[in-house]
Amino acid sequence: MNIAKGIRIARQYRGVSQRSLSRAIDCDGSYLCSIEAGRSEPSLAVLRAIGKELSVPVAALVTWSSTERERIDAALEVGREHEHRGGK
């Protein structure tokens, strides 16, 4: 399981910079950079804020598939389902 990769993939797919995301979730930019680099573990509150801002459920950020393409597809599908239900 690689949370750092999941966050980075979701953020990049949404076209959001680290700076924009860190501002949106009220988190220090260097902390977000450290999370994406795998040097820091995010708290559940930070994971939830990231998921909410990127419209991707926390489960999609922390679930790892056998290939990168499967991982991206799985995260995007969960995000689409989440958006379809109105973010609930």
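Q: Where does a side-chain oxygen of Asn2 reach at the start of helix 1?
A: The model here is predicted. In it, the side-chain oxygen of Asn2 comes to within 3.2 Å of the backbone nitrogen of Ala4. This contact sits at the start of helix 1.

Q: Which residues of helix 1 are buried?
A: Buried means under 20% relative accessible area. In helix 1, that holds for Ile3, Ala4, Gly6, Ile7, Ile9, Ala10 and Arg11. Ala4 thus appears again: its backbone nitrogen is the one that Asn2 reaches.

Q: What follows helix 1?
A: Gly15 follows helix 1. Its phi is positive, near 75°.

Q: How do I read a salt bridge, and how many are there?
A: Start with the general idea. Side chains of opposite charge can pair when their charged atoms come close. The count here is 1 salt bridge. Glu36 pairs with Arg11, and their closest N and O atoms are 2.6 Å apart. The pair links distant parts of the chain. Glu36 is in helix 3, Arg11 is in helix 1, and 25 residues separate them.

Q: Are Glu36 and Arg11 buried or exposed?
A: Glu36 counts as buried because its relative accessibility is 5%. Arg11 is buried too, with a relative accessible area of 8%.

Q: Why can the buried residues of helix 4 lie on the same side?
A: Begin with the helix itself. An α-helix has 3.6 residues a turn, so residues three or four places apart point the same way. Now take helix 4, residues 44-54. Its Val46, Leu47, Ile50, Gly51 and Leu54 are buried. They cover an arc of only 135° around the axis, so they fall on the same side of helix 4.

Q: Which exposed residues does the face of helix 4 turned away from its buried side carry?
A: That face carries Ala45, Arg48 and Lys52.

Q: What covers the buried residues of helix 4?
A: The cover includes helix 1 (3-13), helix 2 (18-24), helix 3 (29-36) and helix 5 (58-62). Helix 1 and helix 3 are also the two helices that the salt-bridge pair links.

Q: What comes after helix 4?
A: Ser55 does. Its phi is positive, near 60°.

Q: Where does Ser22 lie, and what does Ser22 touch?
A: Ser22 lies in helix 2. It is buried, with a relative accessible area of 5%. Leave out residues up to four places away in sequence, and Ser22 touches Cys27, Asp28, Gly29 and Leu32.

Technical notes
Residues numbered from 1 in each chain as written. Predicted model: local features only at pLDDT ≥ 70, side-chain atom pairs only at ≥ 80, totals over all residues. Heavy atoms only, no water. Buried < 20%, exposed > 50% of the residue type's maximum accessible area, 1.4 Å probe, protein only. Helix = DSSP H or I, 4+ residues; strand = E, 2+ residues; numbered from the N terminus. Arc of directions from axis to C-beta. Contact = heavy atoms within 4.5 Å. Polar contact = N/O pair within 3.5 Å; in protein donor to acceptor, adjacent residues only side chain to side chain. Salt bridge = Lys/Arg side-chain N within 4 Å of Asp/Glu carboxyl O.
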